[in-house]
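Colleague: Could you walk me through how the labels in this model were assigned? I'd like to see the reasoning behind each one.

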Amino acid sequence: DTWATSSLTPEIAASLFPKLFNKIFPMKLRANAHDIITFWLFNTLVKSQLHYNKNPWEDIMISGYVLDPNREKMSKSKGNIIEPQAVIEVYGADALRFWAAGSKLGEDMPYQEKDIVTGQRFVTKLWNASKFSVMHLKDFKTGKVKLEIMDRWLLSKLNRIIKESTASTLDAVERTFHVPPTSAASICTCEGVLNPATNRNNRSESFEVITPSPSTSPYPLTVL
């Protein structure tokens, strides 16, 4: 358990599958915090170059620290950590994931309970919208269906987001999840989408596509 051993972790992991070694190594991604760049990262690079004359991974993802309310690094030795299990018991795992997804590569991130609460509200809104939708799809039969204007609108937004998110993940240096609070152009409310869809499901002859207003929508949702 020394840097001499841990600096060989890519090679050791790949050697567990001898027949696949050349396909696994070099690996795709190394993720580590910025505090061990000069230790783990540097030594791993040097070892790989010395033994194989190549880098051990294609990309490196550098994360930051989680900071306490006093903007100090959370550490067990300092006694200022917050156990994830305790947060999950109160707010649920998805709320914690929502907060964690707001981090930026290479930057420290403060822990604030209000951000967890925001995540819980966001997830609750999605959950309620899903239950409401399923309730109206009880007798829905799969197969070819006629796409209405709203269907095409939602699918176009979905495809655009998939394309932009994929390009951002593959090419951009910053990979940050963000829910814009006021942009009516990029968000829609559950009410704005589900209400007219419900009318159509109830055999209404026509329905109106509602453009959500950020001033009257307390829970804006990104169409995912």
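Colleague: Happy to start with one ring: why is Tyr-52 called partly exposed?

Modeller: Because its relative accessible area is 37%, and partly exposed lies between buried (under 20%) and exposed (over 50%), with a 1.4 Å probe and protein chains only. Bear in mind that this is a predicted model, where local features need pLDDT of at least 70 and side-chain atom pairs count only at pLDDT 80 or more, while totals for chains, interfaces and linings use all residues. Residues are numbered from 1 along each chain as its sequence is written, and side-chain values use heavy atoms, leaving out hydrogens and water.

Colleague: What makes Phe-25 count as buried?

Modeller: Its relative accessibility is 3%, so it falls under the 20% limit. Phe-21 is buried as well, at 16%.

Colleague: Why is the pair of Phe-25 and Tyr-52 called tilted?

Modeller: Rings of Phe, Tyr and Trp (its six-membered ring) pair if their centres lie within 6.5 Å; planes under 30 degrees apart are stacked, over 60 edge-to-face, and the rest tilted. Here the centres are 5.1 Å apart and the planes at 55°, so the pair is tilted. Phe-25 is in the loop between helix 3 and strand 1, Tyr-52 is in helix 4, and 27 residues separate them. Helices (H or I, at least four residues) and strands (E, at least two) are DSSP runs, numbered from the N terminus.

Colleague: Which residues form one aromatic cluster with Tyr-52?

Modeller: Phe-21 and Phe-25 join Tyr-52 in that cluster. A search of the whole structure finds 5 aromatic pairs. In one of them, Phe-21 and Tyr-52 are tilted, with 5.9 Å centre to centre and 35° between the planes.

Colleague: How do you know that the buried residues of helix 6 are on the same side?

Modeller: The residues are Ala-95, Leu-96, Phe-98 and Trp-99. They cover an arc of only 155° around the axis, which puts them on the same side of helix 6; the arc is that of the directions from the helix axis to the C-beta atoms.

Colleague: And what makes strand 1 and strand 2 a pair?

Modeller: Pairing requires at least two bridges found by DSSP, and these strands have 6, in the parallel sense. The chain crosses from strand 1 through helix 4 to strand 2 in a right-handed β-α-β crossover: with the strands pointing away from the viewer, the path from the first strand over the helix to the second runs clockwise.
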